[in-house]
Amino acid sequence: MKRSKSWATGALVLLLVAGCTGDNDPTTNPSATPTTTSTAPEPVELRLAVYGDDATLQMYQDIADAFTVEHPEVTFELTSTADASAAAEAAIGAISAGVGAPDVFLLGVEHLADVVEADAVTPVNELMEARDIPFGDGIQRNGLTAFSANAALACMPNEVSPLVAYYNTRLVRPRQLLDEDGERLLSLDKGWTWEMFMAAAAQAKSRGAADGAKGGWLAPDLDALTPFILSAGGSVVDQELGPKHLTLSDGSTRAALKTLATFTRDPSLSLTPTEALRRSPLQWFRSGRLGVLFSTRAVLPSLRAVKDLKFNVAQLPKIDSAETTATMNAYCIAGTSEHVETAADFIAFAVDGPGVEISAVTGATVPVSLDILHMPVFLQPLQQPSNGQAFAESARRASLPPYSTRWSAARAAADPVLTRILYGRGINVTDEETPVLDALLEQTDEESRAIFEPPKPSPTETP
């Protein structure tokens with residue numbers, strides 16, 4: 001599902017990756033450009049809309065405060081929502097209504113198609129280039145691709161936080177596992193296979209038997225399953241740009257689901273849905289009773305806060321090739337903003353200026369600025385995990401979600417089917433021939449067509 005050709009191919013992506021715009025002068029200039037006048041800048045209040053938990057919201061407030069220190073004429077009105085979906089809905093609604101709209105708002109990549117369709121944003125490519133953002137070699141390339149649309153950079157990527165594997169080093173001992181050649185592993189720093197993961201899950205169950213430990217948990221939803229499907233050579237949609245249907249019944253995708261079910265259907269290795277509902281997988285891992293937790297860097301501060309919890313991190317186990325997905329977000333400038341230049345100054349400050357260190361030091365984010373990913377402020381070598389570089393390595397290969405306003409609905413519709421496949425008992429998924437499974441996947445793919453392309457209502461006759 002990697003976008004080898006996105007809706008922003010051609011002029012925009014080549015332009016951004018090259019880090020230049022040819023011989024044309026930029027059409028915008030940063031407001032911080034020195035001028036010959038001594039007139040004090042006019043006061044500006046920027047409306048900044050973000051989302052996240054309390055610690056994340058405090059991080060954005062700290063970035064805004066630091067910007068105000070450098071630009072005393074700029075103050076902020078910060079508003080927040082709990083998650084990316086609520087944030088996108090609130091921003092689009094306010095911009096469309098023209099009431100209480102933000103100047104800058106944080107957007108999850110899964111909602112880019114929504115804001116583009118609503119014509120809610122001002123493209124930022126020229127604005128960012130005028131502020132010397134290092135598109136060519138300083139910004140995560142897949143972040144730039146992810147937030148490009150209609151031959152422009154719709155929003156400036158802020159974070160690409162990949163899905164990785166946290167493992168409890170008391171329950172999982174890599175040196176006791178065997179690699180593909182039957183030799184003992186030195187570590188998981190260079191990656192591991194699905195077979196090694198299964199052995200690690202069994203090891204965790206055995207070493208933590210007295211505490212009722214489990215090997216891990218794999219959520220039955222497409223967000224969690226996509227990297228493993230891709231790793232097996234499969235796909236989840238027919239095309240990444242404007243998909244028309246799911247492709248769960250395709251051979252490699254179906255084979256990947258059957259492979260994953262060898263783990264999820266073993267309640268001695270995997271948490272059951274009931275266990276995961278009673279206590280979240282994060283809580284199981286924090287209590288020292290889960291061998292492997294698949295998550296992003298967002299959970300890292302929570303894990304570090306647990307006394308005596310020893311853990312490390314690795315790239316996701318691979319079925320064939322090494323793959324992952326990521327939580328991605330970006331700063332967007334509302335199409336209705338009257339402070340576009342100041343908004344662009346703030347975004348540049350946040351993604352490639354002093355704001356990046358404020359983000360990195362929290363330990364909860366993976367900024368798109370590549371330089372910071374190799375610095376101690378991000379790697380934090382005196383704290384767990386020792387393999388902090390795994391976040392940067394995984395971020396580079398993170399695949400993008402399908403570009404469609406219907407993707408969230410299609411994904412949600414598939415979840416009950418995936419739950420039956422991974423955690424049910426009524427469908428045979430282990431034999432070489434699985435006709436019931438095949439029929440179910442084919443039906444799911446076919447039903448998704450009406451989600452991606454709803455039938456148009458019949459015209460009504462007027463009297």
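**Exercise 1. Determine how R254 is classed by accessibility, and describe its salt bridge.**

At 23% relative accessibility, R254 counts as partly exposed, where buried means under 20% relative accessible area, exposed over 50%, and partly exposed in between (1.4 Å probe, protein chains only). The model is predicted: local features need pLDDT of at least 70, side-chain atom pairs count only at pLDDT 80 or more, and totals for chains, interfaces and linings use all residues. Residues are numbered from 1 along each chain as its sequence is written, and side-chain values use heavy atoms, with hydrogens and water left out.

Step 1. The partner of R254 is D438, with the closest N and O atoms 3.3 Å apart; a salt bridge is a side-chain nitrogen of Lys or Arg within 4 Å of a carboxyl oxygen of Asp or Glu.

Step 2. R254 lies in helix α9 (residues 251-264) and D438 in helix α18 (residues 435-452), so distant parts of the chain, 184 residues apart, are linked. Helices (H or I, at least four residues) and strands (E, at least two) are DSSP runs, numbered from the N terminus.

Step 3. D438 is buried, its relative accessible area being 19%.

**Exercise 2. Compare the settings of the salt bridges D223–R411 and R131–D345.**

Step 1. In the salt bridge between D223 and R411, the N to O distance is 3.2 Å. Because D223 belongs to helix α8 (residues 222-231) and R411 to helix α17 (residues 407-423), the pair ties together parts 188 residues apart in sequence.

Step 2. D223 is partly exposed at 41% relative accessibility, whereas R411 is buried at 18%.

Step 3. For R131 and D345, the closest N and O atoms are 2.6 Å apart. R131 is in the loop between α5 (125-130) and α6 (141-146), while D345 is in helix α13 (residues 340-352), 214 residues apart.

Step 4. R131 is buried at 11% relative accessible area, and D345 is buried at 8%.

Step 5. The whole structure holds 9 salt bridges.

**Exercise 3. Establish how strand β8 is enclosed and paired.**

Step 1. Of the 5 residues of strand β8 (residues 164-168), 5 are buried, so the strand is largely enclosed by the rest of the structure.

Step 2. V164, Y166 and N168 point one way, A165 and Y167 the other way, and all are buried.

Step 3. β8 runs antiparallel to β9 (residues 292-295), with 4 bridges joining them; two strands pair if DSSP finds at least two bridges between them. The partner of Y167 in β9 is V292.

Step 4. β8 is also joined by 4 bridges to the antiparallel strand β10 (residues 311-314), where N312 stands opposite Y167.
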